[in-house]
Amino acid sequence: MLELSHVTKKYGKVLACSDVSFSLEPGSVAVLLGPNGAGKSTLMKSVIGFLRFDGTITVGGFENKSVEARRLLGYIPEMPSLYPNLTVAEHMEFLARAYRLTDYKQRAEELLERFELTDKKKKFGDELSKGMQQKLNICLGVLPQPKVLLLDEPMIGLDPKAIKELKNMLEEMRSSGCTMLVSTHIIDSIDMLWDRTIIMRGGSVLANVRRSELEKSGKTLEELYFEVTEGSAQ
Ligand code: ADP
């Protein structure tokens, strides 16, 4: 459903992603792990089409920057970029129009309710706390019901209730066939959810392991992480 082939991205002389290749099966959740600076955000931004890169990325068989791929893709960025002069409700409407969604209103209401933003509907983007901004960011990312969803450090800044809701929602989305790539450096934040882990360091993929393979090896995800990023289990 999502296929990366020899993806390389340089910022000037900095090699942020180096020859990254992997593919994700439909309806699977992959957790992208790695220390700060590993290249996770760069990879996400390349997939979503924000950055130029060398190599190929396809979504549902379509080149990632094509209209067809964009219809399938959703993105929840690490830093919410809200419009200071649009209200919460207007953000949802703006996104719905951009994606030409019809019959979105009930779903938008349900999402805002789920993330406790119903009473904030008339607040402007810059009147929201950091956590509320992140919750709105999540609502905006899932409103178009993407088939492939990229989440960059989605739990950062969320309160425990929102983390629980987000995890439940991701489970539901997986059940309905959504493919997800979740970047994080907090290993246990996604522990229940993942089917595959991709571990990066210095722009390269050091491990690409299915959950069943890891379980067979008897190692925890944390042990695998330290083994591949530091060369030995901690
Ligand atoms: P991660 O998300 O894993 O923390 P990033 O993708 O943000 O890693 O960064 C990978 C590397 O690319 C780092 O060395 C970082 O300093 C560099 N980098 C990221 N964004 C830029 C940028 N806009 N310009 C220059 N270098 C960047």
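The side chain of Q134 reaches the backbone oxygen of P154 at 3.1 Å, and it also makes a polar contact with the side chain of N137 at 2.8 Å, where a polar contact is a pair of N or O atoms within 3.5 Å, with the added conditions that within protein one must be able to donate a hydrogen and the other to accept it, and that residues adjacent in sequence count only if both atoms are side-chain atoms. These distances belong to a predicted model, in which local features need a pLDDT of at least 70 and side-chain atom pairs count only at pLDDT 80 or more, while totals for chains, interfaces and linings use all residues. Residues are numbered from 1 along each chain as its sequence is written, and side-chain values use heavy atoms, with hydrogens and water left out.

Q134 lies in helix α5, and with a relative accessible area of 2% Q134 is buried, a word that here means under 20% relative accessible area, with exposed meaning over 50% and partly exposed in between (1.4 Å probe, protein chains only). Helices (H or I, at least four residues) and strands (E, at least two) are DSSP runs numbered from the N terminus. Helix α5 covers residues 130-142, and its 13 residues reach 19 Å from the first C-alpha to the last, close to the 18 Å expected at 1.5 Å a residue, the expected span being 1.5 Å times one less than the number of residues. Because 11 of its 13 residues are buried, α5 is largely enclosed by the rest of the structure; the buried residues include Q133, K135, L136, N137 and I138.

The ligand offers a second place to look. The residues around the ligand, each with a heavy atom within 4 Å of it, are Y11, V14, A16, P35, N36, G37, A38, G39, K40, S41 and T42. An N or O atom in the side chain of T42 is 2.6 Å from an oxygen atom of the ligand, a polar side-chain atom of K40 lies 2.9 Å from a ligand oxygen atom, and a backbone N or O atom of G39 lies 3.0 Å from an oxygen atom of the ligand. On its own the ligand has 560 Å² of accessible area, of which the protein covers 57%. The elements that give two or more residues to the shell around the ligand are β2 (14-24) and α1 (40-48), and the largest share, three residues, comes from α1.

Elsewhere, two loop residues have an unusual backbone setting to consider. Most residues other than glycine have a negative phi. D103, in the loop between α3 (88-98) and α4 (105-114), has a positive phi near 55 degrees, and at 77% relative accessibility D103 counts as exposed. E116, found in the loop between α4 and α5, likewise has a positive phi near 55 degrees, although at 42% relative accessibility E116 counts as partly exposed.

As for confidence, pLDDT is the predictor's confidence in each residue, from 0 to 100, and the protein averages 91, with 99% of the residues scoring at least 70. Confidence is lowest in helix α8 (residues 221-230), at a mean of 90, and highest in strand β1 (residues 2-11), at 97.

Methods. Areas by Shrake-Rupley, 256 points an atom, 1.4 Å probe, with all protein chains shown as cover.
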